[in-house]
Amino acid sequence: MRAWTVPEPGTLQRTERETPEPGPGELLVRVLACGVCRTDLHVLDGDLPVHRPGVVPGHEIVGEVVAVGPDCLRRPGDRVGVAWLRGTCGACRFCRRGRENLCERSVYTGWDADGGYAGFAIGVDAFAYPLPEGLDIVTTAPLLCAGIIGYRALRRAELPPGGRLGIWGFGGSAHLTAQIALSEGAELHVYTRSEEDRDLALELGAAWVGDSFDVGPSPLDAAICFAPAGELVPAALERLDRGGTLAVAGIHLSDVPSLNYRRHLFQERQLRSVTANTRADGEEFLTLAARLNLRVTTHEYPLDEADRALDDLRADRFAGAAVLIP
């Protein structure tokens with residue numbers, strides 16, 4: 001099968017590999033589409049430590065099961081989504097509390113195990129999401145990480161009903177999260193340097209758009225930072241109203257500058273991180289996404305041009321999300 005690998009940080013290599021075989025509890029999935037996530041850039045660029053040398057990136061996989069190992073509920077022909085969270089221990093204190101996203105032995109698709117920048121991928125039956133026949137494979141792919149993580153970030157931000165939400169960065173995850181917030185009655189303010197992203201935000205219903213460091217018209221009840229830029233954290237905190245919460249959605253963030261307690265945190269402002277997701281998050285989000293018929297802005301690339309897709313993502317050359325088609 002064709003595949004892209006990261007033999008060392010900073011290098012993306014096109015290669016051919018033997019098609020893998022599923023083990024117990026595993027599914028062999030023919031990749032129909034794979035979203036291109038900013039986390040893939042962090043794996044490629046070495047922002048995340050190497051967990052699997054020569055890993056195949058990609059963790060927003062829409063696929064068809066073609067073979068199964070022992071002890072699987074899925075069968076060949078089933079459509080599934082293979083996402084970032086690949087496995088947890090199920091026994092640690094976090095798993096027992098229903099917080100499997102914090103499992104100390106959790107593993108991830110496209111980081112600990114080979115992902116979807118390939119013709120086939122191995123998924124774990126217990127962590128794959130069922131997908132109905134007839135769905136649009138391209139617009140579904142970004143839902144499997146960008147959508148799920150954005151949903152968890154929105155809940156972590158504790159936006160009150162009818163509240164004012166600020167979003168920093170407006171890429172694949174943010175434009176999906178924004179639609180959920182708007183459907184729940186939020187007033188949306190978007191802070192981004194990209195004119196194309198500002199236009200998309202206004203099309204989706206944002207009340208105000210501006211540059212990342214603009215003051216904005218009103219204090220915010222909640223905020224989410226999707227951009228991996230630590231210098232935006234003080235700016236977002238300053239724009240929060242009393243009791244507001246800022247959730248940082250990325251797996252990687254550059255260093256945060258010094259915070260001033262009175263300007264940034266006093267009056268019960270909160271700063272929260274977001275770490276992966278639980279399967280319950282994914283199930284809730286995918287149900288909500290189907291009900292709301294979310295508008296997913298996508299840009300298709302053939303699998304052979306995964307390097308170009310990542311370069312375009314790094315350079316912010318498109319609004320929305322890129323999707324690879326084998």
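This briefing walks through the strands, salt bridges, cysteines and one surface patch of the structure above. Keep in mind that you're looking at a predicted model. Two things to look for are an open sheet of six strands and a set of 22 salt bridges. Disulfides, on the other hand, come to zero in a search of the whole structure.

**The six-stranded sheet**

- Start with the open sheet, where the strands pair in parallel and follow the order β12-β11-β10-β13-β14-β15.
- At the edges you'll find β12 (208-210) and β15; each has a single partner strand, so one side of each has no neighbour in the sheet.
- Going from one strand to the next, the twist averages 15°.
- Zoom in on β10 and β13 (residues 220-225): they run parallel and are joined by four bridges.
- If you want one bridge to find on screen, try Gly166, whose partner in β13 is Ala223.
- A handy general point for looking at any sheet: in a regular strand, side chains alternate between the sheet's two faces.

**Antiparallel pairs elsewhere**

- β4 pairs with β5 (residues 79-82) in the antiparallel sense, over four bridges.
- One spot to check in that pairing is Val62, which has Gly81 in β5 as its bridge partner.
- β5 also pairs with β9 (residues 129-130), again antiparallel, over two bridges.
- Here, Val80 has Pro130 in β9 as its bridge partner.

**Salt bridges**

- The basic idea is simple: side chains of opposite charge can pair when their charged atoms come close.
- Asp114 forms a salt bridge with Arg17, with their closest N and O atoms 2.8 Å apart.
- That pair links distant parts of the chain, 97 residues apart: Asp114 is in the loop between β7 (107-108) and β8 (120-124), while Arg17 is in the loop between β2 (11-16) and β3 (26-36).
- Asp114 forms a salt bridge with Arg52 too, and there the closest N and O atoms are 3.1 Å apart.
- Arg52 sits in the loop between α1 (38-45) and β4 (61-68), 62 residues from Asp114 along the chain.
- How accessible are these two arginines? Arg17 is partly exposed at 30% relative accessibility, and Arg52 is partly exposed at 35%.
- Arg272 forms a salt bridge with Glu158, with the closest N and O atoms 3.3 Å apart.
- Those two are 114 residues apart, with Arg272 in strand β15 and Glu158 in the loop between α4 (146-156) and β10 (164-168).
- Glu158 has a relative accessible area of 43%, so this residue counts as partly exposed.
- For a group rather than a pair, look at Glu305, Arg308, Asp312 and Arg317, which are linked in a network of salt bridges.

**Cysteines without partners**

- Why is there no bond between Cys103 and Cys89? The sulfur of Cys103 is 3.6 Å from that of Cys89, its closest cysteine sulfur, and that's too far for a bond.
- Cys103 is buried, at 5% relative accessibility.
- Cys72 is in no disulfide either, and its nearest cysteine sulfur, in Cys95, is 20 Å away.
- Cys72 is buried as well, with a relative accessible area of 7%.

**A nonpolar patch on the surface**

- Val256, Leu259 and Leu271 form a nonpolar patch on the surface, and together they have about 210 Å² of accessible area.
- Leu271 lies in strand β15, and its 37% relative accessibility makes it partly exposed.

Key: Residues are numbered from 1 along each chain as its sequence is written. This is a predicted model: local features need pLDDT of at least 70, side-chain atom pairs count only at pLDDT 80 or more; totals for chains, interfaces and linings use all residues. Side-chain values use heavy atoms; hydrogens and water are left out. A salt bridge is a side-chain nitrogen of Lys or Arg within 4 Å of a carboxyl oxygen of Asp or Glu. Buried means under 20% relative accessible area, exposed over 50%, partly exposed in between (1.4 Å probe, protein chains only). Patches are made of residues with over 30% relative accessible area and no salt bridge: like charges are joined within 9 Å, nonpolar side chains (Val, Leu, Ile, Met, Phe, Trp, Tyr) within 5 Å. Accessible areas come from the Shrake-Rupley method with a 1.4 Å probe; for residues, only the protein chains shown count as cover. Two strands pair if DSSP finds at least two bridges between them. A disulfide is a pair of cysteine sulfur atoms within 2.5 Å. Axes are lines fitted to C-alpha atoms, for helices over the stretch in contact, and angles run from 0 to 180 degrees between N-to-C directions.
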